Amino acid sequence: MTSPSISTATHVDGLVGPGFPHRRSRLAGRFSRRFVLTQFAGSACALMFVIVVNFFLFRVINPHPERTLGRGKARTAEDLEEIRRRLGLDESLWMQFGKYLKQVFTGDFGVSFQYSKPVPDLIGERVWPTLLLVLPATVLSIWLGSRLGSRQAWKHGGRFDRSTSAFATVLYSMPEWWLGLLLFMVFAANPVFGVFPIGGLHSPGVAPMSVEGVADTIWHLVLPTTTLTVTYLAEYSMIMRSSMLDVMGEDYLLTGRAKGLSDRQVLHRHALPNARLPMTTLIALNLAFTVGGAITIETVFSIPGLGLLTSEAMRIPDLPLLQGLFLVFSAAVVVANMVANFIYALQDPRVKA
Amino acid sequence: MTTAPAPPRRSSARALRWKLRREAWGRTWAKFRANRAGMVGLAVLLVFAVIAVFAPLLADSHELRVSAASGPILAPPSRKYPLGTDDNGRSILTLLIFGARVPLLVGLMATVISMVIGTIVGMASGISDGWAGTVLFRLTEWFIVIPFLPLALVLATLLGGSLLSIIVVIGITGWPATALVIRAQTFSVRERPFMERARVLGAGPWHLMSKHVFPNVLPLVFANTTLTVAGSVLAETTLSFLGFGDPTAVSWGTMLNAAFGTGAVSLGAWWALLPPGICVIVVVLAFTMAGQALEDIVNPRLKEGR
Amino acid sequence: MFTTSSAVSGHRSGTDSVASGPGSAGSRGAGGKLTIGAVGEVDTLNPLTYILSNSYALIPYLFEALTSPSHDSLAEQGPGLAESWNVAADGLTVTYHMRPGLKWSDGKPLTAADAAYTLGRVLEGGQGNSTWGNYLDNVKTVNAPDDITVELSLGAPSATLPKMPIPILPKHIFEHYPDEKLDQYPLGPKSLVTSGPYRLLEGGAGSSLYRFEAWPGNWRGLSPVAYVDWRFFKAQDTIMQAIRKGEIDYTPSVNALQVRKLKNRQHMYAGQFPLLGNFVEVGFNSGSSDLKTGRPLGDPNPAVLDPKFRFALSTAFDPAELSRKAFKGGLSPLRTIVPDGFPDFQWKPPADGTTYDPKLAAQRLDEAGYKLDAHGRRTLPTGRSVPRLRIAVDASDQSSLLATRLVREWMQNLGFDITLDAMTADKLTDEILSGNYDMFWWGWGFSDDPDAMLVYLTCDQRSLQSDSWYCSEEYDDLYTEQKNELDHDKRVEIVKKMQQILYHDAPYIVMGQPMAQQAYRSDRWTGWTSAFQPGGDVMADVTSLYDLRPTDGAAQDVSADRTARTATVVYRSLAALILILLLGRFAVARWRRATAEERE
């Protein structure tokens with residue numbers, strides 16, 4: 001998905017802005033107890049909120065799952081009652097909520113309606129394809145995006161800047177799944193150029209754990225990862241470019257030049273470390289959108305990850321599974337936010353750490 | 001010696017304020033006109049708005065009826081169907097023209113919802129120092145944590161696939177980002193001297209908010225709105241593509257959904273995929289460019305960044 | 001949405017059966033692997049708890065039942081674990097004679113005790129009952145007087161017996177898993193004790209690949225297809241590419257448009273056939289009511305409650321157009337709820353009820369009092385204009401959505417104001433059960449016997465499986481009568497009469513019989529044999545595999561494979577090269593930068 005606006009990231013929480021020159025290593029490793037506590041408490045509250053929302057949201061969607069499950073099979077009122085009893089739907093809402101809370105805290109997320117399998121097992125199986133897809137794409141797009149952005153900014157107004165910036169804006173406006181469809185049509189489905197596999201993660205008959213199997217999986221991931229990387233890259237490069245331009249207006253760069261440092265040294269020692277600050281926050285925030293990207297891209301490329309699992313669960317709707325997935329997605333974002341705050345505190349001395 | 005009767009003071013103050021405001025808008029417009037990307041974006045938007053509004057004049061709405069469609073099924077572009085036909089034998093060009101209405105309508109309406117919620121929550125949490133502000137801020141943060149697409153899908157399932165529900169879904173999932181921007185801006189407004197003056201003069205929070213904070217965050221709200229529309233249009237397209245849109249409405253997203261669903265990708269029917277996708281990109285791009293131009297004007301510090 | 005699943009709830013009849021196996025195993029150990037590709041997923045391989053139809057297709061690979069439906073007719077059955085069976089003259093006792101010397105895959109004997117245990121457990125209630133209970137209607141007790149005899153005693157005759165497709169489970173394992181522990185039942189490849197012609201090598205709930213290996217201990221002997229891979233895809237697009245590239249040999253999951261495209265390719269057969277136990281219909285709320293108080297329930301439009309109104313619409317919708325547009329050619333004509341799978345039971349409606357004739361529909365509406373007013377809108381017999389109608393549909397199914405759009409447009413042409421409500425299947429079920437609907441588009445699929453469908457229109461099924469709230473005393477009486485009628489011809493007459501009643505009361509307007517599509521490659525396997533009808537299902541069930549033989553062109557096949565593999569190697573080396581170049585460039589740049597800084 002797209003994040004709502006590019007510029008917001010530079011305003012978030014009023015934290016982000018041009019900093020003072022520093023080297024990261026000198027400041028690393030010290031957090032005040034208060035800072036740590038606040039961070040953990042905040043994250044715990046956010047998780048709690050998600051857990052509560054989770055329960056009620058899904059009760060409202062489908063108050064009568066037994067009817068769905070019973071269609072074509074349950075033929076008497078007793079059959080339906082039996083299904084209700086099995087799913088624990090015959091108790092009062094508050095009883096169910098209490099049970100749900102207890103389960104969440106004991107790590108028991110129930111059994112999926114459609115797969116009759118514990119939810120954590122299912123999620124555990126399906127999380128790997130998603131990670132394989134999302135992690136490389138995120139890392140690659142951050143790396144390439146920040147390189148591109150800083151290069152644009154360093155020579156801003158030049159031909160390279162103008163052409164690549166325009167291109168990035170176009171990519172930024174593109175739904176990632178549409179790009180995926182195009183790449184799929186040209187490089188997988190087309191009889192001439194279709195050199196890439198047509199979806200999934202493995203070829204049949206190739207042992208996934210062998211050398212050939214790993215190569216095969218990488219081969220399968222080329223198109224989806226490229227799609228995600230390219231779309232995310234656009235956004236990261238835009239942020240990097242703008243924060244780099246901010247930094248370049250600062251006095252300490254002049255000071256650096258005055259000291260006789262070369263352009264390159266100024267760039268790498270002073271400009272880049274400071275310009276990277278807003279990126280940290282953005283990356284964490286973006287995870288929430290990465291989840292969305294996983295859903296659409298996994299749909300287009302038939303990758304059996306959490307995104308597809310979500311849409312499969314949505315169809316039933318498979319309440320325990322959806323709840324589990326929702327919790328995993330939100331928890332991932334909460335934790336990533338917290339980590340980002342810590343990293344941010346490490347990088348930026350002005351945050352009282 | 002005769003003096004002209006002095007005009008009533010109050011109205012003069014009001015007239016002055018209006019004059020100032022008009023001048024401010026005029027200045028903004030002048031600055032906007034100087035921004036090439038912004039003007040291009042605006043022009044493109046106007047073109048699409050005209051197409052959407054006058055769609056029935058540009059194409060025959062009767063051609064949208066599946067039962068009346070007489071063309072070949074999923075046929076490539078020809079003289080009779082310049083952009084080919086869809087899987088029901090309808091002209092893609094006609095669909096494209098009418099398909100502009102839903103994304104624009106949903107984008108604008110959803111943005112209104114999220115701007116209203118976002119602005120109110122953002123200003124309220126920015127102005128109040130007490131627990132109310134903290135709670136609102138935390139609430140915003142929590143909502144930002146919930147991944148957009150799964151939440152939107154769940155809500156869309158819950159509310160059923162109608163245009164109104166899509167608008168509501170996108171509207172109520174899109175406000176937190178706005179709230180954060182407005183909150184940050186409110187903070188900076190709060191520190192300005194006139195606020196202190198007003199407070200000393202005994203202005204209540206409501207007065208502060210409506211008379212001092214709001215006019216000052218308004219330009220930013222406006223710029224942010226334009227950018228939010230871009231996001232909302234994308235969201236509408238994505239939801240429709242995933243099959244959670246209004247199935248009776250013709251929109252670019254549902255066109256892509258139908259194309260994907262009938263296997264246009266593997267059948268090589270590029271004419272069913274390219275036109276709607278390109279339209280989405282162009283509209284989103286136009287909103288983004290216009291929005292960025294506005295933002296540059298409203299918040300000159302950012303200007304360097306573009 | 002993502003997959004265009006069949007519009008039909010229940011099971012797909014095509015994959016529903018275990019056929020009367022030609023016991024001959026053919027060339028023993030001919031070997032080879034057959035890869036099948038399908039859209040969707042498998043929820044579980046537990047025969048008692050599965051829901052999805054894909055699971056239903058896989059379970060017969062692993063578990064045998066007492067009988068297996070024949071490949072000739074949906075209404076008949078062939079031998080399974082039972083060699084023969086007999087039904088007592090009064091229809092109250094059914095006896096199965098099992099093959100002697102059957103074994104489970106763990107070497108334990110498979111006896112009548114296992115069968116009696118399984119059927120008894122289903123009969124008892126619980127999860128097994130909601131899945132399989134309808135095959136044991138009217139059955140009072142199940143006994144195993146000796147190791148090879150299973151005896152059912154009935155309280156009243158049952159129309160579905162002696163058909164008995166309930167998978168027989170190993171008693172010595174399942175005993176340890178009562179219903180509340182059933183989700184702990186180990187379904188892993190190593191731990192699964194089975195009796196079917198295949199053993200599970202790989203795959204669990206929700207996997208995308210299930211691998212099976214032929215098991216010689218099955219009563220049919222060793223399958224000529226040594227290995228079967230079932231690959232589950234998430235989209236039809238990928239399936240089409242997979243079969244084109246030869247990654248799969250057979251698929252039941254292509255759509256009608258793709259069949260057209262695949263048809264002309266070499267070594268490829270692609271076609272479609274009517275699903276013999278399925279139909280799709282426009283359904284009406286013909287009188288939702290609270291069964292306890294008898295008061296009306298929900299908010300149906302007064303028009304749909306009137307049988308004359310519903311009947312008038314039976315010529316208002318064009319099946320040919322529905323087939324062409326909504327189903328892309330994949331809908332075959334049918335106007336009654338008994339589909340082609342049961343030809344003798346099928347009632348032929350009068351000629352003026354089978355063709356699309358909007359004028360006739362308008363005329364019948366006029367006669368029934370639904371006249372056009374000055375604004376071109378239809379009025380109720382009371383003179384008030386017909387309130388806005390609603391037609392509901394399962395949003396996840398593309399063809400259903402399109403069909404509903406067409407129906408809506410035809411209704412508008414007749415002068416009705418009508419909206420389309422697309423929702424999830426369970427929301428739709430909910431609205432139906434609460435009576436908050438006027439019309440809907442949906443479908444049914446069943447096998448075994450028309451009774452399975454006829455029952456859903458009886459009064460007792462209201463607020464359960466009935467989606468029309470239809471209730472007619474006359475129909476109900478006939479239903480009971482046919483259920484107890486042992487004479488086939490007499491029963492046929494009654495069933496036809498019931499269809500006639502339904503046609504005139506029109507709780508459903510049946511619009512056709514959906515077709516299933518299939519595609520297979522003939523370059524690696526031959527002997528594909530159609531079940532039920534020419535051009536029919538070549539993979540009706542696991543028995544179909546016994547007809548297959550590896551081709552002689554295997555050598556040619558290998559060489560083709562080799563070219564493909566060479567191409568792959570070339571592409572991959574190219575990619576690797578590019579990657580290395582990029583990394584190298586990056587490393588050099590780094591090194592240069594580092595040295596440059598040092599130099600300064």
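This passage describes chain B, its contact with chain A, and a sheet in chain C. The model is predicted: local features need pLDDT of at least 70, side-chain atom pairs count only at pLDDT 80 or more, and totals for chains, interfaces and linings use all residues. Residues are numbered from 1 along each chain as its sequence is written, and chains are lettered from A in the order in which they are written.

Chain B has 12 helices and zero strands (DSSP runs, numbered from the N terminus: H or I of at least four residues for helices, E of at least two for strands). Its C-alpha atoms fill a box of roughly 85 × 55 × 35 Å along the principal axes. Of its 306 residues, 52% are buried (20 or more other C-beta atoms within 10 Å of the residue's own, with C-beta atoms placed from the backbone).

Chain B also touches chain A. The contact (C-beta atoms, placed from the backbone, within 7 Å) takes 48 residues from chain B and 51 from chain A. Helices that each supply at least two residues of the chain B side include α8 (163-190) and α10 (205-241). This side has 31 nonpolar, 12 polar and five charged residues. Here Asp, Glu, Lys and Arg count as charged, Ala, Val, Leu, Ile, Met, Phe, Trp, Tyr, Cys and Pro as nonpolar, and the others, Gly among them, as polar.

Chain C holds an open sheet of four strands in the order β4-β5-β7-β6, with antiparallel pairing (at least two DSSP bridges between two strands). Its edge strands are β4 (82-87) and β6 (139-146). β6(C) pairs with β7 (residues 149-154) of chain C over five bridges. C:Asp146 stands opposite C:Thr149 in β7(C).

Note on methods: Two residues are in contact if their C-beta atoms, placed from the backbone, lie within 7 Å. A residue is buried if 20 or more other C-beta atoms lie within 10 Å of its own, exposed if 12 or fewer, and partly exposed in between; C-beta atoms are placed from the backbone.
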